[in-house]
Amino acid sequence: MQYRQLGKSGMKVSELSLGTWQVGGKWGSGFDDANADRILNAAIDQGVNFIDTADVYEDGRSEKAVGRVVRSRSEELYVATKCGRQIQPHVNAGYTPDVLQRYVEDSLRRTGLERLDLIQLHCPPTEVYYRPEIFERFEKLKQQGKIRNLGVSVEKVEEALKAIEYPNVSTVQIIFNAFRQRPAELFFKEAQRREVGIIVRVPLASGLLTGKFSADTKFDAGDHRHFNRKGEAFDKGETFSGIDYDLGLKAVAALREALPNRSNLAAVALQWILQYQEVGCIIPGASREEQLRANLAVYQEPPLTTAEAAAINDIYKKYIQQGVHHLW
């Protein structure tokens, strides 16, 4: 495992960390505590020291699992969670400092931790980024010893750029992958200038970049890859990075043709992200221990060459850029 500084957060984190959206099992399958414990312990055994969760993942059960496992281990581990998505309807007016403080305190109770290493606003409406009183409350929580750092999880580059104007924002979690390249432009430069750590989510475009899907692949009814392809439930960009599924399959087929000596496309996709030194860590998820090990196999693969990286970028320009680049 390799480690990187996560901006000004004070944390040196595993560049391949763990996202826990589906750590208890496949999307929509219910939560299996034993499965979650296996994945979390296996990740820590392999050197993962940064675990990302959220209060809405399986109605808090993910937070409970993360806290339970972290408290059972002797290693120095960092826990990041998120708040805000419990607000229904999820609109600007629902965001108040008192509501958010209550969510933080609830997360502390569920995890059993004395302090959260990182609390992140969970993809709030764009208007929230223009309300200083929201960000000020987290300074008070820091002074009270309840949190160590504040971050944001965003949908759009514009939101990320606004968020990092607040000096107490230590990290930004953003979708970035070979099929979602826009963040590498202005945002990466500004984040580096302000010493803001970058956490990359959805690095495999909801599994599309593993190369394991086909036109015949069936997703469970409760899986967002089945019900959210057009953004029916939440932002379309969360599912397959906002790419039309059939077009995505064509782009993946082109990747296979351009990289004939690469059988593990997931590792290639992760290597492509890690070539950006501005990135602090990547948080691929895993619903099975085998998926975790497949992600960590990136270290067993030969390094990505300049020619391979260029081929990936050419495929993005040919298939993806025109329809997606400007949206997020």
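Where is the place of proline 89? In this predicted model, proline 89 lies in the loop between S5 and H3. A cis peptide bond joins glutamine 88 to proline 89, with omega at about -5 degrees. Most peptide bonds are trans.

The loop leads to helix H3, which covers residues 97-111. At 1.5 Å a residue, its 15 residues should span 21 Å. The C-alpha atoms at the two ends are 21 Å apart, so the expected span and the model agree. Many residues of H3 are buried, among them Pro97, Leu100, Val104, Leu108 and Thr111. Val99, Gln101, Tyr103, Asp106 and Ser107 are also buried. In an α-helix, residues three or four places apart point the same way, because there are 3.6 residues a turn. The cover over the buried residues of H3 includes two helices, H2 (61-72) and H4 (132-143). It also includes two strands, S5 (78-83) and S6 (118-122). Just after H3 comes glycine 112, with a positive phi of about 75 degrees.

Strand S9 spans residues 197-201, and five of its five residues are buried. Gly197, Ile199 and Arg201 point one way from the strand. Ile198 and Val200 point the other way. This fits the general pattern: in a regular strand the side chains alternate between the two faces of the sheet. In S9, the residues pointing in either direction are buried.

Which strands pair with S9? Strand S8 (residues 169-175) is one of them, joined to S9 in the parallel sense over five bridges. Isoleucine 175 has arginine 201 of S9 as its bridge partner. Strand S10 (residues 279-282) also runs parallel to S9, with three bridges between them. Here valine 200 stands opposite isoleucine 282 of S10. Helix H6 (residues 186-193) belongs to a right-handed β-α-β unit together with S8 and S9.

Two loop residues have backbone angles that call for comment. Most residues other than glycine have a negative phi. Aspartate 59 is not a glycine, yet its phi is positive, at about 55 degrees. Aspartate 59 is found in the loop between strand S4 (50-52) and H2. Is aspartate 59 buried or exposed? Its relative accessible area is 69%, so aspartate 59 is exposed. Glutamate 195 also has a positive phi, near 60 degrees, and is a residue other than glycine. Glutamate 195 sits in the loop between H6 and S9. At 54% relative accessibility, glutamate 195 counts as exposed, because the cut-off for that class is over 50%.

Notes:
Residues numbered from 1 in each chain as written. Predicted model: local features only at pLDDT ≥ 70, side-chain atom pairs only at ≥ 80, totals over all residues. Heavy atoms only, no water. Helix = DSSP H or I, 4+ residues; strand = E, 2+ residues; numbered from the N terminus. Expected span 1.5 Å × (residues − 1). Buried < 20%, exposed > 50% of the residue type's maximum accessible area, 1.4 Å probe, protein only. Contact = heavy atoms within 4.5 Å. Pairing = 2+ DSSP bridges. Right-handed = clockwise from strand over helix to strand, strands pointing away.
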